[in-house]
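Subject: Handing over a structure, with notes

Dear colleague,

I am passing on the structure below, together with some notes on what turned up when I went through it. Please look it over first and then read on.

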Amino acid sequence: MTAGTTITDGTTAEHELAALQREHGRPLFALLLRLCDGDRQRAEDLVQETLVRAWQHPEALRTDAFESVRPWLLTVGRRLAIDARRARQARPPEVGDAILENARVCADHAERSAATVDVREAVKTLTPEHREVLVLVYFQGASMAEAAQALGIPPGTVKSRAYYALRALRRVLPGYAADLR
């Protein structure tokens, strides 16, 4: 049956579906809203899909085997909700635009390699004393006390050399200044 075709009792399929929606739409929506965990849009979509199934299977609606079509509609809607839930669980979760806007952007391999080359060249411009402290503290992860012990100098000297080394790198690498803070 197609929409707009005449049925034997003189009504159209559109009128039949409208009557079906008026009579059974609210209980169907209430059931689907509970099954969709309160997601109104998804519940409305499932109500529409249930009515499409009713339109596709008019023989199920006109049978004399039951007094009301409501149990059939509720069963179809429930099965559609279960199928939709299973489909969502099989896919990765959807991500909203707000989450994507706040996501950290990771540099690709080529950018990371270029940055590594730039930093190496900039470190070569430092004095040997500043370079030693920078390598120990920032590249090898030593604490200020460990670096001071390894170099045989006071911790205050390590701190000041690290400060001045970073300051010199900021001048040499102006585009990376945010990364060097």
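Read from the N terminus on, the elements of the protein chain follow the order α-α-α-α-α-α-α-α-α, which amounts to nine helices and zero strands. Please keep in mind throughout that this is a predicted model.

Some totals for the chain may help you to get your bearings. The protein chain has 181 residues, and buried residues make up 26% of them. Its accessible surface comes to about 12,900 Å², with 53% of that area belonging to carbon and sulfur atoms. Among the contacts in the chain with a separation of 6 or more, 51% are accounted for by residues that stand 24 or more positions apart.

Turning to the interior, the largest nonpolar core has 16 residues, and the members that touch the most other members are Leu20, Leu32, Leu46 and Val47. At least two residues of this core are supplied by each of H1, H2 and helix H4 (70-90), and H2 gives the most, with five residues. There is also a second, separate core of nine residues, which includes Ala122, Val123, Leu126 and Leu166.

Leu20 deserves a closer look, and if residues up to four places away in sequence are not counted, Leu20 touches Gly25, Leu51, Ala54, Leu61, Val69 and Leu73. Leu20 also appears in the second largest pocket, where Glu16, Ala19, Leu20, Leu61 and Val69 lie nearest the centre among the 15 residues of the lining. The elements that give two or more residues to that lining are helix H1 (13-35), helix H2 (40-56) and helix H3 (58-61), and the largest share, seven residues, comes from H1. By type, the lining of this second largest pocket divides into 10 nonpolar, two polar and three charged residues, and the space in the pocket is about 210 Å³.

Two residues of helix H2 are worth examining in turn, beginning with Ala43, whose place is in that helix. Is Ala43 buried or exposed? Ala43 counts as buried because its relative accessible area is 0%, and the cut-off for buried is under 20%. Leaving aside residues up to four places away in sequence, Ala43 touches Phe29, Leu32, Leu33 and Cys36. For one of these, Leu33, the distance to Ala43 is 5.1 Å from C-alpha to C-alpha, although the two are 10 residues apart in sequence.

The other residue is Thr50, which is also found in helix H2 and is likewise buried, with a relative accessible area of 0%. With residues up to four places away in sequence again not counted, Thr50 touches Leu28, Leu32, Leu73, Val76, Gly77 and Leu80. Leu32, which Thr50 touches, is touched by Ala43 as well, and Leu32 is one of the well-connected members of the largest nonpolar core named above.

Finally, what is the state of Ala84, which has its place in helix H4? Ala84 is partly exposed, because its relative accessible area is 21%, whereas buried would require a value under 20%. The C-alpha atoms of Ala84 and Leu46 are separated by 8.8 Å, while the two residues are 38 residues apart along the chain.

With best regards

Terms used
Residues numbered from 1 in each chain as written. Predicted model: local features only at pLDDT ≥ 70, side-chain atom pairs only at ≥ 80, totals over all residues. Heavy atoms only, no water. 1 Å grid on protein atoms, 1.4 Å probe; cavity = no way out; pocket = protein on both sides within 12 Å on 5 of 7 lines; lining within 4 Å. Points joined across faces, edges and corners; volume = space filled by probe spheres on them. Helix = DSSP H or I, 4+ residues; strand = E, 2+ residues; numbered from the N terminus. Nonpolar A, V, L, I, M, F, W, Y, C, P; charged D, E, K, R; others polar. Buried < 20%, exposed > 50% of the residue type's maximum accessible area, 1.4 Å probe, protein only. Contact = heavy atoms within 4.5 Å. Areas by Shrake-Rupley, 256 points an atom, 1.4 Å probe, with all protein chains shown as cover. Core = buried A, V, L, I, M, F, W, Y, C linked by side-chain atoms within 4.5 Å.
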